[in-house]
Amino acid sequence: FSPDGRFLVFELGDDKAITKNFSRVFFFLDMFSRKIIKERRYTDYRTGAFSFSFGSSRILYDINKEGKTYFILQDFDAHVEKKAELPSTLVGHAVLSQDGKYIRYRISREDKQYLGVSSWELPVQGDEFGPYPSIVS
């Protein structure tokens, strides 16, 4: 559920451990209208967690395919979806700022942890801070 209860986002699909060409479908259910307002299918992608802006107008999630990480940026108010490939392969724990203008994420590189901060706008080219030895994956 989004923090304000506006959306229920869930995924259904094949068991990754059993199916070679597994497929996952994300559903975005508008809780007010009780209708699925968007479906998004991914084949052979690993999927990550969701993060919502305040008011739930923007949703961020990450996907990974063949070692490449992508952010999917969904803006429901503007009816826009963006896909951004990230330069670092080991990225995780992405979170949107409350105003939906910035993305904060963790980068793992050469056994060191960094904090990445990027604007919502494409291309996603964030500033890196660190390394931080105390951040644990």
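**A walk from the S4–S5 hairpin to the salt bridges**

Start at Gly 55: in the hairpin of S4 and S5, with 5 residues between the strands, this glycine takes a positive phi near 90°. Strands here are DSSP runs of E with at least two residues, numbered from the N terminus. Before going on, note that this is a predicted model, where local features need pLDDT of at least 70 and side-chain atom pairs count only at pLDDT 80 or more, while totals for chains, interfaces and linings use all residues. Residues are numbered from 1 along each chain as its sequence is written, and side-chain values use heavy atoms, with hydrogens and water left out.

Now select strand S4 (residues 46-52) together with S5: the two run antiparallel and are joined by 5 bridges. Strands count as paired if DSSP finds at least two bridges between them. Put Phe 50 on screen and look across to Tyr 61 in S5, which stands opposite.

Next, colour S5 (residues 58-65) by accessibility. Because 6 of its 8 residues are buried, S5 is largely enclosed by the rest of the structure. Buried means under 20% relative accessible area, exposed means over 50%, and partly exposed lies in between (1.4 Å probe, protein chains only).

Move on to strand S6 (residues 68-75), which pairs with S5 in the antiparallel sense over 8 bridges. Asn 64 stands opposite Thr 69 in S6. This hairpin has 2 residues between its strands, and Glu 66 in the turn has a positive phi of about 50°.

Time for the charged side chains. A salt bridge here is a side-chain nitrogen of Lys or Arg within 4 Å of a carboxyl oxygen of Asp or Glu, and by this rule the count comes to 5.

- Select Asp 75 and Arg 58: their closest N and O atoms are 3.0 Å apart in a salt bridge. The pair links strand S6 to strand S5, 17 residues apart, and both residues are buried.
- Select Asp 77 and Arg 6, whose side chains meet in a salt bridge (3.5 Å, N to O). Asp 77 sits in the loop between S6 and strand S7 (80-85), Arg 6 in the segment before strand S1 (7-13), 71 residues apart. Arg 6 is buried at 18% relative accessible area.
- Select Glu 81 and Arg 40 for a salt bridge at 2.9 Å, N to O. This one links strand S7 to strand S3 (residues 35-43), 41 residues apart. Glu 81 is partly exposed at 29%, and Arg 40 is partly exposed at 24%.

For the last stop, add Lys 38 to the view: Lys 38, Arg 40 and Glu 81 are linked in a network of salt bridges.

Definitions and conventions:
Helices (H or I, at least four residues) and strands (E, at least two) are DSSP runs, numbered from the N terminus.
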